[in-house]
Amino acid sequence: MNNVGFTTGSLIKGRWTVMKKIGQGAFGEIFSGKNIINGEQIAIKVEKVDTKKQVLRLEVAVLKKLQLCPYVCRFITCGRHNDYNYMVMELLGENLSELRRKQIDGKFSLGTTLKLGIQMIQSLQAVHDLGYLHRDVKPSNFAIGLNPNKRNITYLIDFGLARRFVLASGEVRPARESTGFRGTARYASINSHLSKDLGRRDDLWSIFYVLIEFAEGQLPWRKLKDKDQIGDMKQRFNTPELVKDLPPQFAQFMKHLKSLNYEDRPNYLFLQSLLNDCYSSLGLSEGALFDWELPQQQPSGSGVGSSSSGPVASGAAAQQRGLAQSGLNNSKVLASPSTIDVEASGKSSQNSKPIGAENDTSPNNPPLLRRDSASISQIANSSESNNKESGGGSWNQKSSSPRHKQQQLHNNDNQLEEAPTGSHKHLKANNNNNNSNSGVQSGVQPIDKIELSTQHQQKSSTPKCCSSKCTLM
Ligand SMILES: Nc1ncnc2c1ncn2[C@@H]1O[C@H](COP(=O)(O)OP(=O)(O)OP(=O)(O)O)[C@@H](O)[C@H]1O
């Protein structure tokens, strides 16, 4: 992309100075920058105004509506500068694809994988409960916080392929007969390969594949480029064989996903409980550090999130990592988990804090959920499982998380992962079949219209900072 108008030193609206390019996606470029008035570090996503398939408008619309979710990147403002539309947002740290590639053997420890899985499920649940599908879940679309005290929080980014899946009535939109492929080939669900309309289950399938890659360092179809071949291989591996080298909870995870129909609400709590149980069986403490917080895994400084997580006691931390990597179930080794946390991270209040109740989604208490009484089978059989969805918009708006309060106050592994394919970018032959069997149109234009036409209904949750300024809106 010829980025005239967005070069280092450019000043946007007299407030945002552009620093350096930090990301290149299929749909635009991302720059780091700074608010010259208050010094806040920011990220700016830009898209040329004459780009054939513009997605920033949709992304802004979705991101604004998701601002109450503590696991979604904070939106700051948007507008137009020279020949570019831009969106200013919170600057995050490295994405999970970059972090995985920095690990020994290109994989995360099982402990880190499980904790990431729990956070990722929580963020997707929040998005779904607000009535949206993400449709491009992949490691590079999750980034950790930039500040040292947020490097244990994973934020979902990139809503360029998001889609509203509920009608104004709150019911799930009827599935379209054929929609074409949506997402990124490596992580897309089999349904996407089959051109089926995507539902909440499909975002969870992508999380499932992501977690396998995190834990094993690879997926069986990693070397394939052709999306149809990848789809074929996913079908072949659509059995517990895919997770035979992982703890049994992964097979149970898969079983639950397989049980879901298009319109079903996944049992997010059950899936998190599985990961939580697996984590407990490793004997790791709730406050255990993520792999990148451990001393030998400090970022090299090349990424945007190169902050240190504080002083370390390398022996304890390395021991923790070794245990997690090996998957040993030896709780005695970690007999003093809080000591390890305190020594290793220097931020004990956060990492060694007991985790709250199952529905606690506080970002400062993110890694695990406590399952005190209900057994997994009880949870699986609860009313949350396989219910027919009756409405979205149930994100916990009473969240007392600091992030939530803050929002109210002021409001690539891309070569490896491949670029996303979706309605915005690859309007392929399948679009001929995009007519809905329900009369709901498909493709980017109708989706945009739906997104934008629903804006006013949700205005109360829209940050004030941009309501009048956003030329994109
Ligand atoms: N707020 C942010 N802070 C820091 N880095 C970011 C931020 N937003 C995006 N990035 C970086 O830029 C990369 C690309 O961003 P994004 O996914 O939004 O663009 P895209 O054009 O939609 O990409 P893709 O084609 O991969 O879907 C991300 O993987 C991430 O590394």
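Trainee: Which residue with a positive phi follows α8, and near what angle is that phi?

Mentor: This is a predicted model. Look just past the end of α8. The residue there is G283. Its phi is positive, near 80°.

Trainee: What distance does α8 reach from its first C-alpha to its last?

Mentor: Helix α8 covers residues 268–281, which makes 14 residues. At 1.5 Å a residue, 20 Å is expected. The helix comes close to that, reaching 20 Å.

Trainee: Is α8 mostly covered or mostly bare, and how many of its residues are buried?

Mentor: Buried here means under 20% relative accessible area. Residues that pass this cut-off in α8 include Y268, F270, L271 and Y279. The helix is mostly covered, and the buried count is 11 of 14.

Trainee: Where does the ligand lie relative to domain 1 and domain 2?

Mentor: Domain 1 spans 15–90, and domain 2 spans 94–281. Both give residues to the shell around the ligand, so the ligand lies between them.

Trainee: Which of the 24 residues around the ligand come nearest?

Mentor: The shell of 24 mixes classes: 11 nonpolar, eight polar and five charged residues. Five of the 24 come nearest. They are A26, K45, N95, S140 and D158.

Trainee: How far is the N or O atom in the side chain of K138 from an oxygen atom of the ligand?

Mentor: Take N95 and S140 before K138. A polar side-chain atom of N95 lies 2.8 Å from a ligand oxygen. S140 uses a backbone N or O atom, also 2.8 Å from an oxygen of the ligand. For the side chain of K138, the distance is 3.2 Å.

Trainee: How much of the ligand's area does the protein bury?

Mentor: Start with the ligand taken alone. It exposes 610 Å². Of that, the protein buries 98%.

Trainee: Which elements give two or more residues to the shell around the ligand?

Mentor: Look for elements that give at least a pair of residues to the shell. They are β2 (16–24), β4 (41–48) and β6 (84–90).

Trainee: Why does S10 count as buried?

Mentor: S10 sits in the segment before β1 (11–12). The cut-off for buried is under 20% relative accessible area. S10 counts as buried because its relative accessibility is 13%.

Trainee: Which residue's backbone oxygen does the side chain of S10 reach?

Mentor: S10 and G33 are 23 residues apart in sequence, and their C-alpha atoms are 9.5 Å apart. The side-chain contact is with another residue. At 2.9 Å, the side chain of S10 reaches the backbone oxygen of T7.

Notes:
Residues are numbered from 1 along each chain as its sequence is written. This is a predicted model: local features need pLDDT of at least 70, side-chain atom pairs count only at pLDDT 80 or more; totals for chains, interfaces and linings use all residues. Side-chain values use heavy atoms; hydrogens and water are left out. A residue is near a molecule or strand if one of its heavy atoms lies within 4 Å of it. A polar contact is a pair of N or O atoms within 3.5 Å; within protein, one must be able to donate a hydrogen and the other to accept it, and residues adjacent in sequence count only if both atoms are side-chain atoms. Accessible areas come from the Shrake-Rupley method with a 1.4 Å probe; for residues, only the protein chains shown count as cover. Helices (H or I, at least four residues) and strands (E, at least two) are DSSP runs, numbered from the N terminus. Ala, Val, Leu, Ile, Met, Phe, Trp, Tyr, Cys and Pro count as nonpolar, Asp, Glu, Lys and Arg as charged, and the others, Gly among them, as polar. Domain bounds come from an automatic or database domain assignment. The expected span of a helix is 1.5 Å times one less than its number of residues. Buried means under 20% relative accessible area, exposed over 50%, partly exposed in between (1.4 Å probe, protein chains only).
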